[in-house]
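Trainee: I have not looked at this protein before. Could we go through it step by step?

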Amino acid sequence: MSQTELQYLQEMGIDTWQLSHPERIEGYQSPHFNLPSSCKLLLVSCERPSGELAVMFERVLKSIKLSLDQALHIYPEQLASLGEHQLTWIWYAGEASVEGAITAKKLESPLLSSINGHNEHRRALWQQICSYE
């Protein structure tokens with residue numbers, strides 16, 4: 001539902017609801033979405049990078065020769081709805097990776113907020129990146 005439609009309903013005094021776990025409804029099929037071909041890294045995390053975390057995220061991208069334009073973020077529950085993609089990297093930050101779900105170079109780390117300022121976590125992430133070179 002578009003933002004305009006939601007605004008009209010609100011002006012008419014009609015409450016709107018969004019299911020937080022639609023997959024729990026019997027027979028529900030989640031709509032699939034495709035990533036643009038320009039997306040080379042997908043960050044799967046319950047934490048969307050912004051502010052200081054976005055700066056750190058961009059530094060990691062630069063280390064693997066990617067730009068912010070080549071990366072996207074999704075929440076873990078959206079991963080099951082992922083359709084076509086041309087990913088080179090998938091980064092599970094604070095999430096358990098899904099075996100065999102996506103064929104790409106895989107990074108696993110704590111949440112970005114846990115990496116920022118913690119040398120051990122940054123070093124472990126760097127070692128994963130270097131293992132693909």
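Trainee: Where does Tyr92 lie?

Mentor: Keep in mind that this is a predicted model. The protein contains four helices and four strands. One of these elements holds the residue you ask about: Tyr92 lies in strand 3.

Trainee: Is Tyr92 buried or exposed?

Mentor: A residue counts as buried under 20% relative accessible area. The relative accessible area of Tyr92 is 1%, so Tyr92 is buried.

Trainee: How many of the five residues of strand 3 are buried?

Mentor: Take the two faces of strand 3 in turn. Trp89, Trp91 and Ala93 are buried on one side. Ile90 and Tyr92 are buried on the other side. Strand 3 is therefore described as mostly covered, and the number of its residues that are buried is five.

Trainee: In which order do helices and strands follow each other along the sequence?

Mentor: The protein has four helices and four strands to place. Read along the sequence, they give the pattern α-β-α-β-β-β-α-α.

Trainee: Which residue of strand 3 stands opposite Val44?

Mentor: Strand 1 and strand 3 run parallel and are joined by four bridges. Val44 belongs to a strand with both faces covered, where Leu42 and Val44 are buried on one side and Leu41 and Leu43 on the other. Opposite Val44 in strand 3 stands Tyr92.

Trainee: Which residue of strand 2 stands opposite Leu41?

Mentor: Strand 1 also runs parallel to strand 2, and four bridges join them. In strand 2, the residue opposite Leu41 is Ala71.

Trainee: What handedness does the β-α-β unit of strand 1, helix 2 and strand 2 have?

Mentor: Strand 1 and strand 2 run parallel. Together with helix 2 they make a β-α-β unit, and this unit is right-handed.

Trainee: What is the bridge partner of Ile90 in strand 4?

Mentor: Strand 4 covers residues 105-109 and pairs with strand 3 in the parallel sense over five bridges. Ile90 is one of the buried residues of strand 3. The bridge partner of Ile90 in strand 4 is Lys106.

Trainee: What separates the C-alpha atoms of Tyr92 and Pro110?

Mentor: Tyr92 lies in strand 3. Along the chain, Pro110 is 18 residues apart from Tyr92, and their C-alpha atoms are separated by 8.2 Å.

Trainee: Why is the pair of Phe57 and Trp91 called tilted?

Mentor: The structure holds two aromatic pairs. In this one, the ring centres are 5.7 Å apart. Planes under 30 degrees apart would count as stacked and over 60 as edge-to-face. The planes of Phe57 and Trp91 stand at 35°, so the pair is tilted.

Trainee: How many residues apart in sequence are the parts that this pair of Phe57 and Trp91 ties together?

Mentor: Phe57 is buried at 6% relative accessibility, and Trp91 is buried with a relative accessible area of 0%. Phe57 lies in helix 2 and Trp91 in strand 3, so the pair ties together parts whose separation in sequence is 34 residues.

Trainee: What is the geometry of the pair formed by Trp89 and Tyr132?

Mentor: Trp89 is buried with a relative accessible area of 6%, whereas Tyr132 is partly exposed with 35%. The distance of their rings is 5.3 Å centre to centre. The angle between the planes is 80°, and the pair is edge-to-face.

Trainee: Where is Lys65, the residue with a positive phi?

Mentor: Most residues other than glycine have a negative phi. Lys65 is not a glycine, yet its phi is positive at about 60°. With 72% relative accessibility, Lys65 counts as exposed. Its place is in the loop between helix 2 and strand 2.

Trainee: Which residues form a nonpolar patch on the surface?

Mentor: One member, Met12, lies in the loop between helix 1 and strand 1. Met12 counts as exposed, at 58% relative accessibility. The patch has about 350 Å² of accessible area together, and its residues are Tyr8, Met12 and Ile14.

Trainee: What share of the 133 residues counts as buried?

Mentor: The C-alpha trace spans about 55 × 30 × 25 Å along its principal axes. Of the 133 residues of the protein, the share that counts as buried is 29%.

Methods:
Residues numbered from 1 in each chain as written. Predicted model: local features only at pLDDT ≥ 70, side-chain atom pairs only at ≥ 80, totals over all residues. Heavy atoms only, no water. Helix = DSSP H or I, 4+ residues; strand = E, 2+ residues; numbered from the N terminus. Buried < 20%, exposed > 50% of the residue type's maximum accessible area, 1.4 Å probe, protein only. Phe/Tyr/Trp six-rings, centres within 6.5 Å; stacked < 30°, edge-to-face > 60°. Patch = residues over 30% accessible without salt bridge, like charges linked within 9 Å, V, L, I, M, F, W, Y side chains within 5 Å. Areas by Shrake-Rupley, 256 points an atom, 1.4 Å probe, with all protein chains shown as cover. Salt bridge = Lys/Arg side-chain N within 4 Å of Asp/Glu carboxyl O. Pairing = 2+ DSSP bridges. Right-handed = clockwise from strand over helix to strand, strands pointing away.
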